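Colleague: Please take a close look at the charged side chains in this one, and at what surrounds them. A connected account would suit me best.

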Amino acid sequence: MLERAVTKLQAGDRVHHRLDNARQGTAVKTALGLWVINWDDEGEQLTSGEDIVPLG
């Protein structure tokens with residue numbers, strides 16, 4: 001189920017971390033197809049797909 005959510009993710013979408021709903025950021029996809037999340041107040045970090053949950 002989490003994998004399906006990530007496949008629907010698009011660059012620019014707002015996301016939260018699956019273990020911490022208050023930790024939110026914006027999805028950025030690299031040229032290599034990896035997801036980097038620009039976490040609010042933390043900056044960009046490579047983040048495992050299973051930890052990304054789209055908002056909404």
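**Charged pairs and their surroundings**

Modeller: Let's start with Asp 40, which is partly exposed, at a relative accessible area of 36%. Please keep in mind that this is a predicted model. Asp 40 is one half of a salt bridge; the other half is Arg 14, with an N to O distance of 2.8 Å between their side chains. This pair links distant parts of the chain, 26 residues apart: Arg 14 belongs to strand β1 (residues 14–17), while Asp 40 sits in the loop between β3 (35–39) and β4 (43–46). Arg 14 is partly exposed as well, with a relative accessible area of 32%.

How many salt bridges does a search of the whole structure find? The search gives three, so let's turn to the others.

Asp 51 and Arg 18 bring their side chains together in a salt bridge, again described by an N to O distance of 2.8 Å. Because Asp 51 lies in the loop between β4 and β5 (52–54) and Arg 18 in the loop between β1 and β2 (20–29), the pair ties together parts that are 33 residues apart in sequence. Is Asp 51 buried or exposed? With a relative accessibility of 15%, Asp 51 counts as buried, because the cut-off for buried is under 20%. Arg 18, in contrast, is partly exposed at 39% relative accessible area.

The remaining pair is Arg 23 with Glu 42, whose closest N and O atoms are 3.1 Å apart. Here too distant parts of the chain are linked: Arg 23 is in strand β2 and Glu 42 in the loop between β3 and β4, 19 residues apart. Glu 42 is partly exposed, with a relative accessible area of 40%. In general terms, side chains of opposite charge can pair when their charged atoms come close.

Asp 51 deserves a second look. Apart from neighbours within four places in sequence, Asp 51 is in contact with His 16, His 17 and Arg 18. One of these, His 17, lies in strand β1 and is buried, with a relative accessible area of 10%. The side chain of His 17 reaches the backbone nitrogen of Leu 19 at 3.1 Å. Leaving aside neighbours within four places in sequence, the contacts of His 17 are Arg 23, Trp 39 and Asp 51. His 17 therefore touches one member of the pair Arg 23 and Glu 42, as well as one member of the pair Asp 51 and Arg 18.

The strands give this picture its frame. β1 and β2 pair in the antiparallel sense over four bridges, and they form a hairpin with two residues between them. Within that pairing, His 17 stands opposite Asp 20 in β2. β1 also pairs with β5, in the antiparallel sense over three bridges, and Val 15 has Pro 54 of β5 as its bridge partner.

Finally, a word on a nonpolar feature. Leu 32, Leu 34 and Leu 46 make a nonpolar surface patch of about 360 Å². Leu 32 is placed in the loop between β2 and β3 and is exposed, with a relative accessible area of 77%.

Conventions: Residues numbered from 1 in each chain as written. Predicted model: local features only at pLDDT ≥ 70, side-chain atom pairs only at ≥ 80, totals over all residues. Heavy atoms only, no water. Salt bridge = Lys/Arg side-chain N within 4 Å of Asp/Glu carboxyl O. Buried < 20%, exposed > 50% of the residue type's maximum accessible area, 1.4 Å probe, protein only. Patch = residues over 30% accessible without salt bridge, like charges linked within 9 Å, V, L, I, M, F, W, Y side chains within 5 Å. Areas by Shrake-Rupley, 256 points an atom, 1.4 Å probe, with all protein chains shown as cover. Contact = heavy atoms within 4.5 Å. Polar contact = N/O pair within 3.5 Å; in protein donor to acceptor, adjacent residues only side chain to side chain. Pairing = 2+ DSSP bridges.
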